[in-house]
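New to this one? Have a look at the model below, and then we'll walk through it chain by chain.

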Amino acid sequence: MSKLVIRELHKAFSKNQVLKGIDLDFSSNGIWTILGPNASGKTTLIKAILGMVIPDSGNISINGETITNNWKYKDKISYLPQIAHFPDNLTVNELLKMIQELRNRTGSLESLIKEFDLKPFLNTKIDTLSGGTKQKLNLSIALMYKNPIYLLDEPTVGLDPIAVINLKKILRKLKREGKLIIITTHIIPLVEELTDKIIFLLEGKIKFCGLKAQLQQNYSSKSLEESIAALLQD
Amino acid sequence: MDKIFRYSFYDLIRGRWSISYFLFYLIITIVLFSFSNDVSMVVISLLNIIIVLVPLVAIVFGIIYFYNSKEFTELLLAQPIKRSRIFVGQFLGIATSLSLAMLLGIGLPFIFYGIFISSEISNFIVILLTGTCLNFIFVALAFIIALKNNNKIKGFGFATLLWLFLAVIYDGIFLLLLILFNAYPLERLALGLTLLNPIDLSRILIILKLDVSALMGYTGAVFNSFFGNIGGIFLAALSLIIWITIPLFFIINISNKRDF
């Protein structure tokens, strides 16, 4: 089991304080969803875990090892960026090969290519792919390795319903395998269906962190949507 | 680094930009040859095109590539690779693909017109090497500007201004200084100012190599009298190499501290 711990994380972009003292213990594996309105700091938090954003203060550690000035730990993390944009003149196959060469590991792509129906596009140049196909390729890159931690930023954006169903199937499987999966999304039904725990960010602070049921119980609301609305008004 | 370099080079060399850039040089060189079959004349005409155009295309293309591949760079940053390897790899990929387009575009007509049996071959090689250096220098400068500016418009503006400054305005200021202080010995100042501008350096390097005194100008003459012909060429070439390494060092340094 991977233990991801965040302590007193602060980050400002010039005068804009984006993260204001985030404390998080991803104490159990399973699917955690980071919710919050736009500009609440979700993407910055994910990027800080990946070492792309350098915190002003605070610490992030994985299994007791701090990630500051370290890059090797990223081998344990799979990341799905929000926007899929790849080198235009490479083919799908070349891009997949590139990522595997960079990671020095062969990924298990066969089932992903099948589930996301990418076979007809393997030798197609990326600039001719549709937005949805690019997102499927994005997902295949993120999910081709069995890693202990998955960070998925808005994973369902641009996907057709069949791809969403397949993605959910994969996520459930990863959950059963005991992986830590951290998702950001705005799609509440997806959260209701898959998530174990919810982190609600508001203006760079954690407004709620706990089980989904607990959130509903706190606000005695019927649906998650209502609880979130109540949380925002609180 | 080698993997990032390989794939970005492979991506770029098949792109529309590289192909158009190659065709541009090919056509220009063929047109120049159609005006004159004298290889040395064509080399001199190319000199002026290279020292103005190569920096412009390199800096503009470097900036565009950097901003366009922002999301992909973020994906690379999430992989277990050192940051410096990503940016140095991308820098080498762009600079090499632009240089290759230039080398082939200019080189092919020269081969066709018999450069290998001409006495101008060493001049021709110096022109191509200088053009290659300028590609590397200005792509590196583009990367520094892009790393320092998140705002595309600002970055693009700075890049064009920097080119305008080094290619045009710098010479004006230089001339003004020479006129204003013509009562003082200005050789050292002139030398210093030339070393600070890679475009001037390239021009002097090529002119010293061509040994055309009519084109040498004040700084060329100062270089010649201070270091002699060979010494001047050597110093100018060395300075160009320093002009690649220092910006490269800045790229590594800035990228290590920056948020993405």
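When charges are counted here, Lys and Arg are positive and Asp and Glu negative, with His and the chain ends left out; a charge sits at NZ of Lys, CZ of Arg, CG of Asp or CD of Glu.

## Ground rules

This is a predicted model, where local features need pLDDT of at least 70, side-chain atom pairs count only at pLDDT 80 or more, and totals for chains, interfaces and linings use all residues. Residues are numbered from 1 along each chain as its sequence is written, chains are lettered from A and ligands numbered from 1 in the order in which they are written, and side-chain values use heavy atoms, without hydrogens and water.

## Chain A

Chain A mixes eight helices with ten strands (DSSP runs numbered from the N terminus: H or I of at least four residues for helices, E of at least two for strands). Its C-alpha trace spans about 50 × 45 × 35 Å along the principal axes. Of its 234 residues, 53% are buried, meaning under 20% relative accessible area with a 1.4 Å probe and protein chains only, while exposed is over 50% and partly exposed lies in between.

As for charges, chain A has 31 positive and 24 negative ones, and their mean positions are 3 Å apart.

## Chain B

Chain B has ten helices and zero strands. Its C-alpha trace covers about 55 × 50 × 30 Å along the principal axes, and buried residues make up 54% of its 260 residues.

Chain B carries 16 positive and 11 negative charges, and their mean positions lie 13 Å apart.

## Where the chains meet

How many residues does each chain bring to the contact? Chain B gives 27 and chain A gives 33, with contact meaning heavy atoms within 4.5 Å. Together the two chains bury about 2,800 Å², 58% of it on carbon and sulfur atoms; buried area is the accessible area (1.4 Å probe) that two parts lose on being put together, summed over both. On the chain B side, B:Tyr7, B:Phe72 and B:Pro80 lose the most area to chain A, together 24% of what that side buries.

## A closer look at A:Lys47

A:Lys47 sits in helix H1 of chain A, residues 42-49. Is A:Lys47 buried or exposed? With a relative accessible area of 12%, A:Lys47 is buried.

Setting aside neighbours within four places in sequence, A:Lys47 is in contact with A:Met52 and A:Val53, as well as B:Glu74 and B:Phe260. A:Leu151 is 104 residues away from A:Lys47 along the chain, and their C-alpha atoms are separated by 9.4 Å.
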